[in-house]
Amino acid sequence: MAAAGTIPGAAAAIGASVSQRQRRVGAPSFVAAYVSEGTRLVCRRQLRPAPVLASSFISLSHPARRRFLCDAAAGASSGPAGEAKPQGFAERYPALVTGFFFFLWYFLNVIFNILNKKIFDYFPYPYFVSVSHLFIGVLYFLIGWSFGIPKRAPINSTLLKQLVPVAVCHAIGHVTSTVSFAAVAVSFAHTIKALEPFFNAAASQFILGQPVPLTLWLSLVPVVIGVSVASLTELSFNWTGFINAMISNISFTYRSIYSKKAMTDMDSTNLYAYISIIALFVCIPPAIIIEGPQLVQHGFKDAIAKVGLTKLISNFFVVGLFYHLYNQVATNTLERVAPLTHAIGNVLKRVFVIGFSIIAFGNKITTQTGIGTSIAVSGVALYSFIKAKIEEKKQIKSA
């Protein structure tokens, strides 16, 4: 799910907005600066384009170019004494490792969506379920911090103030996504959430004042048309699911805006941990107010009567763990590939989720809904392709 759509994206957005200032003052960053082939070099915490590919003005057949390439390769594979460094599995088979990350990302996301939807069959309380997702993730981080995996990064009041708006938007987006998944079919909810790029483009143009190229706007036309066509004949359609999915899109858009205004050199794992902790405290009050009385009166009793206390608790734990892991793997995948590759992978992930959810739940869809969904996903793919190409050109120019 987009609440999927990922805090990993928030961490990347935070870095992207401050990368130019950090270059001037020498502050560390976890931003990835990609070149045309997606090659990166690490300088402290800052990822920079490889000088080999950056100097593309030299012909590959030029003798100086060949010597430079050979010297660079020799220096990278040898130690201080000129001895060759042993390469690990990841260095020898990078494509295979990256492919595994994509597979794991898809697998965790599909399983989360399926298990999460099944919980609502006997526990129809999406606000409390949202809290359980964040609670398990926070518990995971606290246990990891206690063992130093990863080492907890310190946080000050300035950074905390910057992260609060990001976490609030993350919390609202996550809760409304969960409400939508509870109200309509998972496949339809993901179709609605395909509109998120439209809201991102609108926010960039009209709120941040950043001009959006005409090609990007045109690529969003099939997305809007596809979602409209799918909504007209969707068998599971109801306004609760539709409106909450739209609110989720808007919330995640504002999360991106506030992320760009924040400034931090904290690693993405610790950043996601702090945002999850703040989001958890944001989600608890509305869950108690809206669903608390029902849960106390009969909600927990009915669920325990249907599946048992042990299974109820274990299901909450497993679903929350899958929610946390797929977000974390999405971050790790983003750090391994170029923006274009990740954008295409994100579109394919949505296709996988929609397809497997239809199979898992046996959802009946009309021909018009299927056509609308296909048009919307194709539009997102086109938008992602164009946007990633534009970003790569900007990063090459600024390198």
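This report describes helix packing, selected residues, aromatic pairs and one cis peptide bond in a predicted model.

**Overall content**

The protein contains 15 helices and two strands. Of its 399 residues, 46% are buried. Among contacts between residues at least 6 apart in sequence, 81% join residues at least 24 apart.

**Helix 6 against helix 7**

Helix 6 spans residues 126-146 and helix 7 spans residues 157-183. Their axes come within 9 Å and cross at roughly 130°. An angle over 145 degrees would count as roughly antiparallel, and the pair of helix 6 and helix 7 is therefore classed as oblique. The crossing of these two helices is right-handed. On the helix 6 side, the contact is formed by P126, Y127, V129, S130, H133 and L134. On the helix 7 side, the residues are H170, H174, V175, T178, V179 and A182. By class, the contact of helix 6 with helix 7 consists of seven nonpolar and five polar residues, with no charged ones.

H133 belongs to helix 6 and is buried, having a relative accessible area of 1%. Leaving out residues up to four places away in sequence, H133 touches F112, N116, H174, T178, V319, G320 and Y323. Of these partners, H174 and T178 also appear on the helix 7 side of the contact with helix 6.

**Helix 7 against helix 11**

Helix 7 also packs against helix 11, which covers residues 239-261. The angle here is about 160° and the axes are 8 Å apart. Because angles over 145 degrees count as roughly antiparallel, helix 7 and helix 11 fall into that class. Their crossing is left-handed.

In helix 7, the residues of this contact are P165, V166, C169, H170, I172, G173, H174, T176, S177, V179, S180 and A183. In helix 11 they meet T240, G241, N244, A245, I247, S248, S251, F252, Y254, R255, Y258 and S259. The contact of helix 7 with helix 11 has 11 nonpolar, 12 polar and one charged residues. H170, H174 and V179 of helix 7 take part in this contact and are also listed in the contact with helix 6.

Two residues of helix 11 can be described further. N244 lies in helix 11 and is buried, with a relative accessible area of 13%. Apart from neighbours within four places in sequence, N244 is in contact with T176, V179 and S180. These three partners are listed on the helix 7 side of the contact with helix 11.

R255 is found in helix 11 and is buried, with a relative accessible area of 3%. The C-alpha atoms of R255 and V168 are separated by 8.1 Å, while the two residues are 87 residues apart along the chain.

**Aromatic pairs**

A search of the whole structure finds 26 aromatic pairs. Two of them are tabulated here.

| Pair | Centre separation | Angle between planes | Class |
|---|---|---|---|
| Y140 and F141 | 6.2 Å | 80° | edge-to-face |
| F198 and W217 | 6.2 Å | 75° | edge-to-face |

Planes over 60 degrees apart count as edge-to-face; the rings of Y140 and F141, at 80°, are therefore in this class, and so are those of F198 and W217, at 75°. In the pair of Y140 and F141, Y140 is partly exposed, with a relative accessible area of 41%, whereas F141 is buried, at 3%.

F198 lies in helix 9 (residues 196-206) and W217 in helix 10 (residues 214-233), so this pair ties together parts that are 19 residues apart in sequence. F198 counts as partly exposed at 31% relative accessibility, and W217 counts as partly exposed at 22%.

Ring pairs also link F102, W105, Y106, F352 and F356 into a cluster.

**A cis peptide bond**

Most peptide bonds are trans. The bond from I149 to P150, however, is cis, with omega near -5°. P150 is located in the loop between helix 6 and helix 7.

Conventions
Residues numbered from 1 in each chain as written. Predicted model: local features only at pLDDT ≥ 70, side-chain atom pairs only at ≥ 80, totals over all residues. Heavy atoms only, no water. Axes fitted to C-alpha atoms, helices over the stretch in contact; angles between N-to-C directions. Helix = DSSP H or I, 4+ residues; strand = E, 2+ residues; numbered from the N terminus. Parallel < 35°, antiparallel > 145°, perpendicular 65-115°, else oblique. Left-handed = near helix turned anticlockwise from the far one by under 90°. Contact = heavy atoms within 4.5 Å. Nonpolar A, V, L, I, M, F, W, Y, C, P; charged D, E, K, R; others polar. Phe/Tyr/Trp six-rings, centres within 6.5 Å; stacked < 30°, edge-to-face > 60°. Buried < 20%, exposed > 50% of the residue type's maximum accessible area, 1.4 Å probe, protein only.
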